Amino acid sequence: MPLLSCQKLTLGYEGKEIVSGLSFDVSAGDYLCIVGENGSGKSTLMRTMLALQAPVAGRIVMGDGLSPREIGYMPQQTAVQKDFPATVREVVRSGCMNRCGLRPFYNEAEKRIADQNMEKLGVARLAKRCYRDLSGGQQQRVLLARALCAARALLLLDEPAAGLDIGASAGMYDLIRQLNGGGMTIVMISHDIDASVKNATHILRMGGASTLFFGSAASFIEKGGGLLGGDVLDHR
């Protein structure tokens, strides 16, 4: 059974339908990139995957006992969040909040998870630094470590390289590729189609019926970047 299955989804907000008839599966170990123009429904789809927004129609089924509370999520940063006055350790540990249940504190196991993820993402040496004093690339690594603290098997990333320079962007994509190689399933929204095709196993091209595509990255290239004259849902 797929880790996550989107079945005949219709998505929208404030009475406006964005996309309909959207069906695709995400299997364990996949690296899916969601691309498309602004307003095509990418972020709405991700919020629906997280059960933060209900679909207009259709459903999302999770396999392997996965719960939305066990999905790691890295949203796009706002200007306010970039100025957050907390230490790196505090920010990363906050990714363990869903593990705490009703406890008002982190236990030793959760603290170890945070430490391990800071080490994995190369930010352990920054643990006592104030988050708002970090560079953009360092902040993104901290947020990725935070998302990992919540993730059992699936990471949802919304434009993780947005606003970064070329070097920091390449470093972020390398980290995500390494996480995927280590067994973490990745679903990532990206405006960078070149990086998406290079790194992903699968591409979902959002848009109207004339530009809807789901399939392997190789098939996406072969079919001209998913920009076809008809509705294309190429399931593997």
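Modeller: Before we look at this predicted model, note that helices, of at least four residues, and strands, of at least two, are DSSP runs numbered from the N terminus.

Colleague: Which elements supply at least two residues each to the lining of the largest pocket?

Modeller: Strand E5 (71–74) and helix H6 (136–150) each do so. The largest pocket has a volume of about 500 Å³, and of the 21 residues that line it, Tyr73, Met74, Pro75, Ser94 and Arg146 are the closest to its centre.

Colleague: How many residues of each class does the lining of the largest pocket have?

Modeller: That lining has 13 nonpolar, 6 polar and 2 charged residues.

Colleague: What is the volume of the second largest pocket, and which residues lie nearest its centre?

Modeller: The volume of the second largest pocket is about 210 Å³, and its lining is made up of 16 residues, with Asn38, Gly39, Gly41, Lys42 and Ser43 nearest the centre. Helix H1 (residues 42–49) gives the largest share of this lining, 4 residues, and by class the lining has 3 nonpolar, 9 polar and 4 charged residues.

Colleague: Where in the chain is confidence lowest, and where is it highest?

Modeller: As a general idea, predicted coordinates should not be read in detail where pLDDT is low. In this chain the mean pLDDT is 88, and 93% of the residues reach 70 or more. Confidence is lowest in helix H2 (residues 79–82), with a mean of 77, and highest in strand E7 (residues 185–189), at 97.

Colleague: Over which residues does pLDDT stay under 50?

Modeller: It does so over residues 228–236, for which the model has 28 contacts beyond four places in sequence.

Conventions: Residues are numbered from 1 along each chain as its sequence is written. This is a predicted model: local features need pLDDT of at least 70, side-chain atom pairs count only at pLDDT 80 or more; totals for chains, interfaces and linings use all residues. Side-chain values use heavy atoms; hydrogens and water are left out. pLDDT is the predictor's confidence in each residue, from 0 to 100. Contact means heavy atoms within 4.5 Å. On a 1 Å grid over the protein atoms alone, a cavity is a set of points where a 1.4 Å probe fits but cannot get out, and a pocket is an open set with protein on both sides within 12 Å along at least five of seven lines; lining residues have an atom within 4 Å of a point. Grid points are joined across faces, edges and corners, and a volume is the space filled by probe spheres set on the points. Ala, Val, Leu, Ile, Met, Phe, Trp, Tyr, Cys and Pro count as nonpolar, Asp, Glu, Lys and Arg as charged, and the others, Gly among them, as polar.
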